[in-house]
Amino acid sequence: MTAAQFSQNPRATAVALKAYRNIADNWALPARQAAALVDMSPGKWRGARRPNYRGRINVDQMLRLSALIGIYRSLELYFDTPIARSWILLPNQGPLFAGDKPVERMIDRGLPYMLNVRHYLEALLEGH
């Protein structure tokens with residue numbers, strides 16, 4: 001199944017959005033940031049937060065959801081829960097962040113940057 005087909009599959013969309021709703025809650029993201037990370041308007045995000053959401057998402061949004069789920073997973077595996085849950089909102093001196101908060105950088109720089117963050121965290125897990 002291609003990314004385009006996956007993003008148009010209602011079941012796949014429902015599963016990805018449910019996972020991200022839980023992640024956004026665990027990260028205590030304000031609605032504005034949660035929406036921006038997945039490139040949705042605040043209104044569309046309010047709708048997408050509902051368990052019975054039947055709307056469609058585009059390929060970019062599905063890829064963002066996938067990247068964010070991967071970031072979350074890596075953080076949960078690498079750090080203790082309190083740090084894993086707050087990491088995205090804390091200023092970070094790591095090589096990708098230059099003192100900025102990861103959430104701000106990912107919002108500003110979009111999907112390619114999210115994928116860089118995901119790969120960075122996966123490399124930490126692998127001991128690189």
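I began with a cut-off for surface residues: a residue is called exposed when its relative accessible area is over 50%, and buried when that area is under 20%. I keep in mind throughout that this is a predicted model.

**Entry 1, A98.** I looked up A98, which sits in the loop between α6 (81-86) and α7 (102-125), and found a relative accessible area of 59%, so A98 counts as exposed. Its backbone also caught my attention, since A98 has a positive phi of about 50° although it is not a glycine. For context I noted that most residues other than glycine have a negative phi.

**Entry 2, D39.** I then turned to D39, another non-glycine residue with a positive phi, here about 55°. I located D39 in the loop between α3 and α4, and with a relative accessible area of 44% I entered D39 as partly exposed.

**Entry 3, Q33.** Is Q33 buried or exposed? I placed Q33 in helix α3, which covers residues 31-37, and its relative accessibility of 10% means that Q33 counts as buried. Leaving aside residues up to four places away in sequence, I listed Y20, L89, V103 and I107 as the residues that Q33 touches.

**Entry 4, α2 against α4.** I next checked how helix α2 (residues 10-26) packs on helix α4 (residues 42-49), and recorded an angle of about 110° with the axes 10 Å apart. Because angles of 65 to 115 degrees count as roughly perpendicular, I described α2 as roughly perpendicular to α4. On the α2 side the contact is made by L17, Y20, R21, A24 and D25, and on the α4 side by W45, A48 and R49. Sorting these by class, I have 5 nonpolar and 3 charged residues, with no polar ones. I also marked Y20 as a residue of interest, since Y20 takes part in this contact with α4 and is touched by Q33 as well.

**Entry 5, α5.** Finally I went along helix α5 (residues 59-78), whose 20 residues reach 29 Å from the first C-alpha to the last, close to the 28 Å expected at 1.5 Å a residue. At its N-terminal end I found N58 acting as a cap, with a side-chain oxygen 3.1 Å from the backbone nitrogen of D60. Which residues of α5 are buried? I wrote down Q61, M62, R64, L65, A67, L68, G70, I71, Y72, S74 and L75. I note that this list includes R64, Q61 and S74 alongside residues such as L65, L68 and I71.

Terms used:
Residues are numbered from 1 along each chain as its sequence is written. This is a predicted model: local features need pLDDT of at least 70, side-chain atom pairs count only at pLDDT 80 or more; totals for chains, interfaces and linings use all residues. Side-chain values use heavy atoms; hydrogens and water are left out. Axes are lines fitted to C-alpha atoms, for helices over the stretch in contact, and angles run from 0 to 180 degrees between N-to-C directions. Helices (H or I, at least four residues) and strands (E, at least two) are DSSP runs, numbered from the N terminus. Angles under 35 degrees count as roughly parallel, over 145 as roughly antiparallel, 65 to 115 as roughly perpendicular and the rest as oblique. Contact means heavy atoms within 4.5 Å. Ala, Val, Leu, Ile, Met, Phe, Trp, Tyr, Cys and Pro count as nonpolar, Asp, Glu, Lys and Arg as charged, and the others, Gly among them, as polar. Buried means under 20% relative accessible area, exposed over 50%, partly exposed in between (1.4 Å probe, protein chains only). The expected span of a helix is 1.5 Å times one less than its number of residues. A polar contact is a pair of N or O atoms within 3.5 Å; within protein, one must be able to donate a hydrogen and the other to accept it, and residues adjacent in sequence count only if both atoms are side-chain atoms.
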